[in-house]
Amino acid sequence: MTPHKQRLGRLREALARDRIDAALVTHPTSIRYLTGFTGSAGLLLVLPEESHLLTDGRYREQAPLQVRDSSIHIDLPNAAQSAAQRPENGLPGLLQSLELIPAGLNIAFEADSLSVARFEQIERLFPAARWTGQSGTISGLAMRKDPAELQALRSAIRITDEAFGSFLNDIRAGAVERELAGRLSYLLRMHGAEKDSFEPIVASGWRGALPHARSTDKVLQEGDFLVLDFGAVYDGYHADMTRTVCIGSLTERHEQIYGIVLEAQLQGIAAVRAGQRTRDVDAACRDIIQAAGYGEQFVHGTGHGIGLEVHTPPRLSRESDEVLEADMVVTIEPGIYIEGWGGVRIEDDVLVLPDGSSPLNQSTKELLVLG
Ligand code: ZN
Ligand code: ZN
């Protein structure tokens, strides 16, 4: 059975548990997960026995190459119609004309991603159906990775490690953050990435204290910590790694702060296993940082899932309430951020195993002093 057929089957089981007959899937990531289709315009109707992907003429050739387990319907302009006569309703209009939705069908829609305007249009076109908004059903299914997904993630992570290895040669006092960020993106591509997982974070000195700083024209100086947070996308799957290096020379303070974050990160990884609560993994990291007196400077959660998007469920934070399962891949990324001085974050992507975990990144976590 193909992965997509299995995923559709798991979605149907999840819907049946909620006494729902069908799903209208609208979020591009969900459609990709369930069918393999990567186009930007699509609607997927999942019925108990069959599934139907609707897209437009731009994807007439692409859709059959990518989609094996759903019927494909292409919205093609009818040459006989003038532009003024074209129906206004787009893919929902095509869905209506296919007459696939019987009266009374109980259909789930993705409440997190469907706009109010689009939902009102769908309700208008299908007045006899019963619509139920759902959140997180499909992203919940996608938490556990199947073998094809794990293979793609391992490739994305290997490319990220290799790019980091090459990038170390470019880091020196006098380099400009923005240029380094461009170089890092270039190296990811040259090592085989489709694209960046997200705009790389290259934040030096005091700017490293901003956890999501983007790169600027700031010049790297001796004594700066340099926070590098980046990742490759491979076959749609997102790697996400952070390393922090020191520029020029070390002080005791650099070593002390780095040592605390590294110890927290290792304890976090050690806490990862199937059956563990996500908040307990967060606590394993946070306790180390708190005990060292920097609890107030660890201003975010410990990690998140990765997959077809860079931030996916589960979340690992003080408030999170999920339980890890085997074959999830989550990040472990504690940090300490000291205003006006700098920040340290260390992040690995970690595979959850039945009785432990396997960090997938190979890049060194020794404190490197460069340039
Ligand atoms: Zn990251
Ligand atoms: Zn992350």
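What is the site of the zinc ion (ligand 2), with its four donor atoms, irregular or tetrahedral? Before I answer, let me say that this is a predicted model, and that I will take the metal site and then a pair of helices.

The angles among the four donor atoms of the zinc ion (ligand 2) run from 79 to 155°, and the site is irregular; four donors would count as tetrahedral if all angles lay between 85 and 135 degrees. As a point of reference, the ideal angle for four tetrahedral donors at a metal is 109.5 degrees.

The coordinating residues are D240 through OD, H304 through NE2, and E333 and E347 through OE, at 2.1 Å. Read along the sequence, these donor residues follow the spacing D-x63-H-x28-E-x13-E. D240 also bridges to the zinc ion (ligand 1), and the two zinc ions lie 3.1 Å apart. The pair D240 and E347 links distant parts of the chain, 107 residues apart, with D240 in the loop between β11 (237–238) and β12 (241–247), and E347 in the loop between β17 (342–345) and β18 (348–353). Both D240 and E347 are buried.

Let me turn to the helices. The axes of α7, residues 147–167, and α8, residues 177–190, come within 9 Å and cross at roughly 130°, and α7 and α8 are therefore oblique to each other. The crossing in which α7 passes α8 is right-handed. As for the side of each helix involved, α7 contributes I159, T160, A163, S166 and F167, which meet L180, R183, L184, L187 and L188 in α8.

Key:
Residues numbered from 1 in each chain as written. Chains lettered and ligands numbered in written order. Predicted model: local features only at pLDDT ≥ 70, side-chain atom pairs only at ≥ 80, totals over all residues. Heavy atoms only, no water. Donors = N, O, S within 2.8 Å, 3.2 Å for Na, K, Ca; no water. Tetrahedral: all angles 85-135°; square planar, octahedral: opposite > 155°, others 65-115°. Helix = DSSP H or I, 4+ residues; strand = E, 2+ residues; numbered from the N terminus. Buried < 20%, exposed > 50% of the residue type's maximum accessible area, 1.4 Å probe, protein only. Axes fitted to C-alpha atoms, helices over the stretch in contact; angles between N-to-C directions. Parallel < 35°, antiparallel > 145°, perpendicular 65-115°, else oblique. Left-handed = near helix turned anticlockwise from the far one by under 90°. Contact = heavy atoms within 4.5 Å.
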